Structure formats: C-alpha cells, structure tokens
Amino acid sequence: MPTYHATISVTLRPSILDPEGKAVHQALQNLGHTMVEDVRVGKRIELTIDAEDEDAAYEVAETSCQKVLANPVTENYAIDITAASPSAA
Amino acid sequence: MARFGIVTFPGSNCDHDAYHAVKHVLGEDATFVWHQDTDLSALDVVVLPGGFSYGDYLRSGAIARFSPVMDAVVDFANAGGLVLGVCNGFQVLCEAGLLPGTLTRNNSLRFVCKPTAVRVERIDAPFTTQYAPGQVLSLPVAHGEGRYVADDATLNALESNNQVLFRYTDADGRMTDAANPNGSMRNIAGICNEARNVLGLMPHPERHVELLLGSDDGRPLFESLRASVNDAVPTSAA
C-alpha cells in the first residue's frame with residue numbers, strides 16, 4: 001500500500017484571543033521589526049499514512065483533525081497531502 | 001455511605017488531595033479508579049482530578065479523553081451519575097463533550113497559582129446545595145490554561161439555563177476584570193451541564209477543606225454531593 005505524508009496546520013480561529021501570538025509579536029517589536037503587524041501561533045502536525053490512494057489518506061487526516069487534533073470550538077485546521085513512496089506517485 | 005471514585009490518569013496530581021478530602025475530611029468512601037478501568041457501577045460520584053494528564057500534549061485533556069475510563073464516565077454521566085471535574089478534570093470534561101466550550105491559555109500567559117475569590121451563582125445543583133446564594137468563597141487556582149472560552153450562543157445558553165455555578169469576583173462579590181485570574185469569558189470559573197449532574201471548575205475545592213490549609217470553603221461542595229447521594233438512596237436499602 002502506498003504511503004502518504006499529511007501535513008496539518010492547526011491554528012486558532014480568528015475570533016480567539018492568541019496570547020502567545022501577542023507575546024511573540026511584542027518580542028518582534030522589541031527586535032525592531034515594527035513592520036510586523038500581527039502574529040498568530042499555531043501547530044504543525046505530520047502524519048505518515050498507509051492508504052489506498054490520496055483521497056483515502058486525506059479522509060484519515062480529516063477525521064483525525066475532527067476528533068483529536070483540533071478543537072472545533074477554538075481551532076481551524078488545514079491538511080496538505082503529499083505522496084511519500086514512489087508507488088503512491 | 002456515598003461512594004466516590006477518583007480517576008487517576010497518567011499525570012494526574014490532585015487525585016490524592018481529592019481522596020483525602022473525601023475519605024479523611026468528609027469520612028465517605030473513596031477509591032482510586034485507574035484510567036484503564038471501565039467499571040464505574042459501584043460508584044455514586046466520579047471525580048476527575050487536577051494535574052497534567054498525558055503531559056497536556058496537544059491540548060489539555062485532549063488525550064485523556066480517549067482513555068478507556070472516559071467512555072465509562074460518559075455513560076455514567078448520561079445515566080445521571082454525578083461527575084466532578086476539577087482543573088484538568090474540567091478540561092477533560094470539555095474535550096469529552098460532557099461540558100460545552102473549552103479552556104485556553106490564560107490571557108496573562110502565566111501559570112496562575114493563588115487563592116481566588118469565587119462567587120456561588122446557583123445552589124440548585126447537587127454540587128452547591130450546602131452553600132448560600134451569592135456566597136463568596138476562597139478557593140485556590142493553579143493553572144496555565146484556565147481561560148473559559150465559548151461562542152456567544154453557548155454562553156447565552158449557559159446563562160439562561162443557569163448553568164454557571166461559579167464566577168471569579170473580588171472579595172465583595174463584584175465581577176471585575178482584576179478579579180479574573182485568567183481572562184475567562186464572563187468571569188466563568190465553573191459550569192454544569194444542562195442536566196446539572198456534571199460540574200467542571202478550574203478552582204480547587206479539594207485543597208480548601210480544612211482550616212489548617214487556610215480555608216474550608218471547598219468542603220460544602222463535597223458535603224453537597226454527599227447530601228445529594230444520601231437523598232437519592234432509598235433508606236430501605238440500608
């Protein structure tokens with residue numbers, strides 16, 4: 001079975017206060033990067049998935065996001081699937 | 001005698017405080033429930049204690065929710081069993097969907113560890129019957145992720161169903177920003193579910209059950225649970 005890599009970004013919804021992003025923003029201001037207008041901090045999660053095809057791999061990643069990796073109350077997610085093994089190309 | 005089960009997840013660290021409060025201070029029956037256990041049939045009350053279950057990986061409570069015991073806790077709660085989640089236990093209850101909303105990073109970005117003033121909003125839940133309405137308690141908080149967040153529709157539903165049982169206030173019971181240790185929306189410190197048998201709160205009632213420890217304001221919460229259990233049990237069963 002071919003192997004795929006799913007790269008998942010989990011980010012706070014725009015309406016949710018991101019105190020970590022604010023702290024990083026302040027640090028960048030202190031560094032002199034006053035042109036940085038806003039900072040949002042999120043998570044990157046990488047899955048290696050054995051699946052029949054890209055759609056099947058995407059589905060595994062998506063249910064993982066819905067049930068575990070992201071909290072729909074506060075977070076959004078985005079999934080990027082790439083083929084990892086030659087047979088998946 | 002009321003039977004309390006205290007769940008121990010890998011990384012729980014307030015399980016022994018809860019055990020002490022129930023067993024030695026209240027004088028009721030307390031047992032530890034391992035996170036792999038799935039039989040809660042011998043219990044009247046399930047306590048999800050504070051701590052850092054599974055290292056708080058991913059999000060606080062997110063992994064604990066998939067422990068074998070949690071399916072049993074959900075069934076127990078849905079059957080009307082009393083469930084108390086303190087601190088990390090509150091986070092687990094939200095992740096498990098037993099309570100709405102979620103707990104996010106404190107707006108100060110700091111871990112906050114101090115006594116807070118907490119106002120009792122409602123005494124018509126099995127967790128608060130032994131308090132007076134509007135009573136201001138001293139209860140300690142100790143968390144980095146305790147800021148209660150939910151959308152407006154959820155918050156309005158919590159208010160209209162009287163599910164907000166505890167709020168952060170000043171010592172005189174005034175809801176101020178300064179009295180809010182983590183930036184929780186509407187100063188929410190603890191909520192129950194619609195059926196009123198599941199409570200989650202960030203402050204630690206089990207740490208304030210003896211004057212020796214600075215206050216016993218948390219004790220009536222456990223006494224309320226005991227009273228609820230005793231009222232529910234038919235005397236003929238004794």
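This section describes the two chains of a predicted model, followed by the annotated site and two helices of chain B.

Chain A contains two helices and three strands, arranged along the sequence in the pattern β-α-β-α-β. The C-alpha trace of chain A extends over about 50 × 30 × 15 Å along its principal axes. The radius of gyration of chain A is 17 Å, whereas a compact globule of 89 residues would have a value near 12 Å. Buried residues account for 19% of the 89 residues of this chain. Among the contacts in chain A that join residues at least 6 apart in sequence, 69% link residues at least 24 apart.

Chain B comprises five helices and 11 strands. Its C-alpha trace spans about 50 × 40 × 35 Å along the principal axes. For 238 residues, the compact-globule rule gives a radius of gyration near 18 Å, and the 16 Å computed for chain B agrees with that expectation. In chain B, 54% of the 238 residues count as buried. Of the contacts in chain B between residues at least 6 apart in sequence, 76% connect residues at least 24 apart.

The two chains meet at an interface in which 11 residues of chain B are in contact with 10 residues of chain A. The chain B side of this interface consists of five nonpolar, four polar and two charged residues.

In an unreviewed entry, UniProt assigns the feature "active site" to C87(B), H204(B) and E206(B). These residues span 120 residues in sequence, yet no two of their C-alpha atoms are more than 10.9 Å apart, so the annotated positions gather at one spot. H204(B) is located in the loop that connects β11 (198-201) and α5 (219-232) of chain B, and E206(B) also lies in the loop between β11 and α5. H204(B) is classed as buried because 24 C-beta neighbours fall inside 10 Å, against a cut-off of 20 or more. E206(B) is likewise buried, with 29 other C-beta atoms within 10 Å.

The contacts of these two loop residues, neighbours within four places in sequence being left aside, were also examined. H204(B) is in contact with C87(B), itself an annotated position. The remaining partners of H204(B) are C14(B), G50(B), V86(B), L139(B), P140(B) and A142(B). E206(B) is in contact with C14(B), D17(B), A18(B), A21(B), V86(B) and G218(B). C14(B) and V86(B) thus appear among the contacts of H204(B) and among those of E206(B).

C87(B) is also a contact of H143(B), together with F111(B), V112(B) and M202(B), when neighbours within four places in sequence are left aside. H143(B) belongs to strand β7 (residues 136-143) of chain B and is buried, with 24 C-beta neighbours inside 10 Å. The C-alpha atoms of H143(B) and V118(B) are separated by 15 Å, the two residues being 25 apart along the chain.

Helix α1 of chain B covers residues 15-26. At 1.5 Å a residue, its 12 residues should span 16 Å, and the distance of 15 Å between its end C-alpha atoms agrees with this. The buried residues in α1(B) are D15(B), A18(B), A21(B) and V22(B). Viewed down the helix axis, the buried residues of α1(B) fall within an arc of 135 degrees, so they line one face of the helix. An α-helix has 3.6 residues a turn, so residues three or four places apart point the same way. The elements covering the buried residues of α1(B) include β1 (3-8), β2 (29-34), β3 (45-48) and α5 of chain B. Two of these buried residues, A18(B) and A21(B), are among the contacts of E206(B). Just after α1(B), G27(B) adopts a positive phi of about 80 degrees.

Helix α3 of chain B (residues 88-95) is mostly covered, with eight of its eight residues buried. These are N88(B), G89(B), F90(B), Q91(B), V92(B), L93(B), C94(B) and E95(B). Elements that cover the buried residues of α3(B) include β3, β4 (82-86), β5 (102-104) and β11 of chain B. β3 is thus listed among the elements covering α1(B) and among those covering α3(B). After α3(B) comes G97(B), which has a positive phi near 80 degrees.

Terms used. Residues are numbered from 1 along each chain as its sequence is written. Chains are lettered from A and ligands numbered from 1 in the order in which they are written. This is a predicted model: local features need pLDDT of at least 70, side-chain atom pairs count only at pLDDT 80 or more; totals for chains, interfaces and linings use all residues. UniProt positions are given in the numbering used here, feature names are shortened, and annotations may be inferred rather than shown by experiment. Helices (H or I, at least four residues) and strands (E, at least two) are DSSP runs, numbered from the N terminus. A residue is buried if 20 or more other C-beta atoms lie within 10 Å of its own, exposed if 12 or fewer, and partly exposed in between; C-beta atoms are placed from the backbone. Two residues are in contact if their C-beta atoms, placed from the backbone, lie within 7 Å. Ala, Val, Leu, Ile, Met, Phe, Trp, Tyr, Cys and Pro count as nonpolar, Asp, Glu, Lys and Arg as charged, and the others, Gly among them, as polar. The expected span of a helix is 1.5 Å times one less than its number of residues. The arc is that of the directions from the helix axis to the C-beta atoms. The radius of gyration is taken over C-alpha atoms; the globule rule is 2.2 Å times the number of residues to the power 0.38.
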